[in-house]
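Got your viewer open and a selection tool ready? Load the model and follow along, one stop at a time.

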Amino acid sequence: YHQIKSLTPTFGSLHPDFSRHRKTYELAVPFHISNIAFTPFLSEDSKYIIIDGSSITTNISSKLIPLPIGNRDIEIKTSINDKDPYIIHVTRGFPLSDSISLSSSTCELSSIDIYPK
């Protein structure tokens with residue numbers, strides 16, 4: 001059984017922070033991030049894990065994983081027969097327009113996420 005000590009995405013951070021005892025995470029990225037990779041740090045007795053179908057060893061970045069606009073789940077297994085993989089729920093934002101027009105004089109805004117270009 002391979003153990004993951006930490007897991008770092010190329011952009012952003014996992015929510016909540018990684019713990020080998022927790023199996024599901026959220027990761028939000030802005031529209032301009034179209035691919036993501038993960039770098040695991042494994043326990044000394046672990047040789048590899050499987051990220052999105054590819055074997056990865058400790059301190060080596062995974063292949064770039066394409067991100068569609070919206071949601072994508074990325075599966076991380078600690079062995080080929082892992083029946084309870086880690087799941088990263090990645091949400092890629094929608095593009096923002098350079099200008100916003102309103103059709104009425106009243107606008108209600110409950111929340112907004114703004115990412116740098």
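This tour goes from the overall chain to the core, then the aromatic rings, the charged pairs and a patch on the surface.

**The whole chain**

Keep in mind that this is a predicted model. Start with a cartoon view: you'll find zero helices and nine strands, so to speak a plain β-β-β-β-β-β-β-β-β pattern when read along the sequence. Of the 117 residues, 32% count as buried. Switch on the surface and you're looking at about 7,800 Å² of accessible area, with 53% of that belonging to carbon and sulfur atoms. Contacts reach across the sequence too: among those between residues at least 6 apart, 54% join residues at least 24 apart.

**Into the core**

Next, select Leu-7, Phe-38, Ile-51, Ile-74 and Ile-88. These are the residues with the most contacts inside the largest nonpolar core, which has 21 residues. Colour by strand to see where the core comes from: β1 (4–9), β2 (24–29), β4 (38–42), β5 (49–51), β8 (70–77) and β9 (86–92) each give two or more residues to it. As a general point, nonpolar side chains in soluble globular proteins tend to be buried together.

Stay on Leu-7 and show its surroundings. Which residues does Leu-7 touch, leaving aside those up to four places away in sequence? The list is Leu-14, Phe-18, Phe-38, Thr-39, Pro-40, Ile-51, Ile-76 and Ile-88.

**The aromatic cluster**

One of those neighbours of Leu-7, Phe-18, is your next selection. Add Tyr-25 and Tyr-86, and you have one aromatic cluster. It holds up under the ruler as well: the count comes to two aromatic pairs. Phe-18 and Tyr-25 are stacked, with 5.4 Å centre to centre and 25° between the planes. Both Phe-18 and Tyr-25 are buried. Turn to Phe-18 with Tyr-86 and the pair is tilted, at 5.4 Å centre to centre and 40° between the planes. Because Phe-18 sits in the loop between β1 and β2 while Tyr-86 belongs to strand β9, this pair ties together parts that are 68 residues apart in sequence. Tyr-86 is buried, just as Phe-18 is.

**Charged pairs**

Now show the charged side chains. How many salt bridges does a search of the whole structure find? Three.

Centre on Asp-52, which is linked with Lys-63 and Arg-72 in a network of salt bridges. Measure from Asp-52 to Lys-63 and you should get 3.6 Å, N to O. Lys-63 is in the loop between β6 (54–56) and β7 (65–66) and Asp-52 in the loop between β5 and β6, so their pairing ties together parts eleven residues apart in sequence. Then go from Asp-52 to Arg-72, where the N to O distance is 3.3 Å. That pair links distant parts of the chain, as Arg-72 lies in strand β8, 20 residues apart from Asp-52. Is Asp-52 buried or partly exposed? Partly exposed, because its relative accessibility is 22%; Arg-72, at 23%, also counts as partly exposed.

For the remaining stop here, pick Glu-75 and Lys-77, whose closest N and O atoms are 3.9 Å apart in a salt bridge. Glu-75 is partly exposed at 36% relative accessibility, and Lys-77 is partly exposed at 21%.

**Out to the surface**

Finish by selecting Phe-31, Ile-69 and Phe-94, which make a nonpolar surface patch of about 300 Å². Zoom in on Phe-94, in the segment after β9. Phe-94 counts as exposed because its relative accessibility is 62%.

Notes. Residues numbered from 1 in each chain as written. Predicted model: local features only at pLDDT ≥ 70, side-chain atom pairs only at ≥ 80, totals over all residues. Heavy atoms only, no water. Core = buried A, V, L, I, M, F, W, Y, C linked by side-chain atoms within 4.5 Å. Buried < 20%, exposed > 50% of the residue type's maximum accessible area, 1.4 Å probe, protein only. Helix = DSSP H or I, 4+ residues; strand = E, 2+ residues; numbered from the N terminus. Contact = heavy atoms within 4.5 Å. Patch = residues over 30% accessible without salt bridge, like charges linked within 9 Å, V, L, I, M, F, W, Y side chains within 5 Å. Areas by Shrake-Rupley, 256 points an atom, 1.4 Å probe, with all protein chains shown as cover. Salt bridge = Lys/Arg side-chain N within 4 Å of Asp/Glu carboxyl O. Phe/Tyr/Trp six-rings, centres within 6.5 Å; stacked < 30°, edge-to-face > 60°.
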